[in-house]
Each structure stands twice: as C-alpha cells, then as structure tokens.
Amino acid sequence: MAAAKSAMQIRLPPLPSIKDVIRLYKLRALRELSQNFLMEPRLIDKIVNAAGKIENHVVCEVGPGPGGITRSIIQRAPRKIVLIEKDPRFIPSLELLADACKNKVDVDIITGDILKTDIGHYIPKDVKTEWEDSPPPLNLIGNLPFSVSTILMIRWLELISKQEGPWAFGRARMTLTFQKEVAERMAARILSSQRCRLSVMCQNWCTVKYKFDISGAAFLPKPDVDVGVVTLTPLKHPIIKQPFKMVEKVVRQIFSMRQKYSIRGAETLFPEHVREEMALKLYEMADMDPVTRPYQIANMEFARICEAYSEIIKQYPEFEHYDYRAPKKKLEAAEVEDGDLSYT
Ligand code: SAM
C-alpha cells in the first residue's frame, strides 16, 4: 500500500518565544486595538489546522500582532503570506520572522487598517479559480480584533456577494475568531435562540462551521469573553439572490422586533401610511404566514420575501429608499464602534 504523502514542513531557526518577543520589543497590549495575544502553541496550531491544507497556498493573515499564528502558518509551507497589521510596533518582530523564512516563503508585511486594505492587490493572479470550481489556493486567517470583527465580516460578505477583493480569485476560505456569542450567532440554525440577522447574512453567502471554543484564559491579557473559531466557505450560489444591500435591509427590518411576529418588523420596510397594507401584500406574495417569528424563518423563505419586496419596489419605486431608521442612524453608528454584538 502506498504510504500517505506527508505535508511539507518548514523548520524555522530558533526564535525567541512569543512571550519573549512581547517583552523584548516592549509590546504592551493596547485595548483600543483589541490586542489579546494567544500564547499557547497548541491552540495556535489548532486554529491554523482548522484552515485545512495551506501548503503552497497564498495566506492572508489579519492582525498578526507579535506573530504567533504567523509562525504556525509559515511552518506549513505556504507559497506566500500577506500580513496586515495596524499597529506598527509589531513590524520588527514580523520582519524577524520574514527573515527567518527567507527564500522559502514570500512574506508581504502591510502596515494598515484591514478595513481600508484592498487585499486583492497583494494576491498573485495565478491563484484564480472559477467561482463554480473548488476553492482557490488562497486562505484568509485571523485571530480578529473584537472591535472590527463583525463589521469586517459584513464587508467581506458584501465583497463575496459581488465576487470582488480576495473573492475575485474564487471562493477563498476563511478561518477566523470571534467573540464566542458572535461565532455562535453566525452559525445559528433556524429555530435556535441565537438565530439573528448575522446568521441569515453569513449563511446566505457561506457555509459556516463553528469549529471550537477557546477560553479567554488562553489570551494575554485575558479578555472578558471566550472566543469561537469559525470557518466560512463561500457558496456557489447564494440562497437569497437579491443584491446585498437589499437583503441586508429586509433581514435587518424583519429582525428589528425579534420577539414579535415577523410581519411587525416587515411593516417597517414601508412608510407609516401604507405600512400594514404593504406588509400584508409582501407576506401574501411571498406565501409567508404573518405570525411566524423572525428566528423561525429559513433562508429559503427569506429568499421569497426578498423577491416579493423586489417586485413591490418595482411597482412602487418610492418605497425603495424608505429608511425607518433614518433618525436613529447616528445612534447606531456609535453602537457599532462599541463592539461586535450590535449586528444581531
Ligand atoms: N494574531 C495575534 C495573536 O493571535 O496573538 C494578535 C491577535 S489580536 C486579537 C488582534 C490584532 O489585530 C492585533 O495585533 C491588533 O494590533 C490588530 N488590529 C487591530 N485592529 C486592526 C485593524 N483595523 N487592521 C489590522 N489589524 C488590526
């Protein structure tokens, strides 16, 4: 019987431990950048293993910090690694790593904000596969800062919906950490108590897998919450086929009154004077029962609601830009900055 082919490993020369790197470079964790460093090599490897095979792949790591996850990625022999880190204090320790794997792995270190970085720019063109094919040899990995993780996920879902950015190269996989409650919500199925608009949005464009928890105690400094590791693989075809912004609006309004009948939230898609009448029409067209609660609605049913909404705004274009939240928007913007439990 043929022996199983073992994955290639890159041996790095002896390097100071992550604890020593933090001490040597005086890298005091900054709360405003959600800096919680993962110290245990076993858990770091577990995250990187959750990404599957990355040998010869291009890997983009968000927020490498002192480089614990980066080391584990490099050891698995990727072809190239793109590091995007906002805090310039980490650059010398990342350069040390780049030097240690010189001539073996191509390392790009970008000092910048992930929310403003066009990752696609750093990806070699030849990794591209067709959308309908298997995922390309391209992975996004990150122990994400809590302060940007949900907003980043929503932006990435929009890029996935348009097949832009890293997803112009095919259905690139993601292996990411989130605050545990957020990770659970992303993966929550219909009827689950955690089902929310984030679940519907993530599962509309991706297969979401909740892989495992990491206790807050594994990080330095210890955050107040535990962490969940999630993998996402873009779907070949989204379940709700309408444009991202429309799906986001319909799903947001329907979940805006989570405990009530879902038609109450749907009413807020329309101006007050036609609210009840139009929501009933919407539910009739979508063949939905008005007494269904938001967490009882499957993505297939959201697809029917969004299709019916799209028909209605063709008939009544004046409703398209109606925004129930207009006066509350300022308040919401402040909530997003407060953390990542706001997208529920
Ligand atoms: N990867 C390291 C680890 O696992 O120990 C650090 C993870 S720490 C939770 C988050 C990292 O993201 C920090 O290094 C922080 O400086 C960086 N970061 C925070 N906001 C960022 C942003 N907007 N863009 C890029 N990096 C960011």
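1. Helices (H or I, at least four residues) and strands (E, at least two) are DSSP runs, numbered from the N terminus. The structure discussed here is a predicted model: local features need pLDDT of at least 70, side-chain atom pairs count only at pLDDT 80 or more, and totals for chains, interfaces and linings use all residues. Residues are numbered from 1 along each chain as its sequence is written.

2. An unreviewed UniProt entry places the feature "domain: Ribosomal RNA adenine methylase transferase N-terminal" at residues 43-236. UniProt positions are given in the numbering used here, feature names are shortened, and annotations may be inferred rather than shown by experiment. Over residues 43-236, helix accounts for 31% of the chain and strand for 25%. The C-alpha atoms at the two ends lie 31 Å apart.

3. An open sheet of seven strands is present, with mixed pairing and the order β4-β3-β2-β5-β6-β9-β7; two strands pair if DSSP finds at least two bridges between them. At the edges stand β4 (106-111) and β7 (206-214), each of which pairs on one side only. From one strand to the next, the twist averages 20 degrees, where axes are lines fitted to C-alpha atoms and angles run from 0 to 180 degrees between N-to-C directions.

4. Strand β2 (residues 58-62) is largely enclosed by the rest of the structure, because five of its five residues are buried. A residue is buried if 20 or more other C-beta atoms, placed from the backbone, lie within 10 Å of its own. In a regular strand the side chains alternate between the two faces of the sheet. Here Val58, Cys60 and Val62 cover one side of β2, and Val59 and Glu61 the other.

5. β2 runs parallel to β3, and five bridges join them; valine 59 stands opposite isoleucine 81 in β3. With strand β5 (residues 138-142), β2 also pairs in the parallel sense over five bridges, and there the bridge partner of valine 59 is asparagine 139.

6. A ligand is surrounded by 22 residues, of which Gly63, Gly65, Ile114, Asn143 and Pro145 come nearest; a residue is near a molecule if its C-beta atom, placed from the backbone, lies within 6 Å of it. β1 (37-38), α3 (68-75) and β3 (80-85) each supply at least two residues of this shell.

Definitions and conventions: A residue is buried if 20 or more other C-beta atoms lie within 10 Å of its own, exposed if 12 or fewer, and partly exposed in between; C-beta atoms are placed from the backbone.
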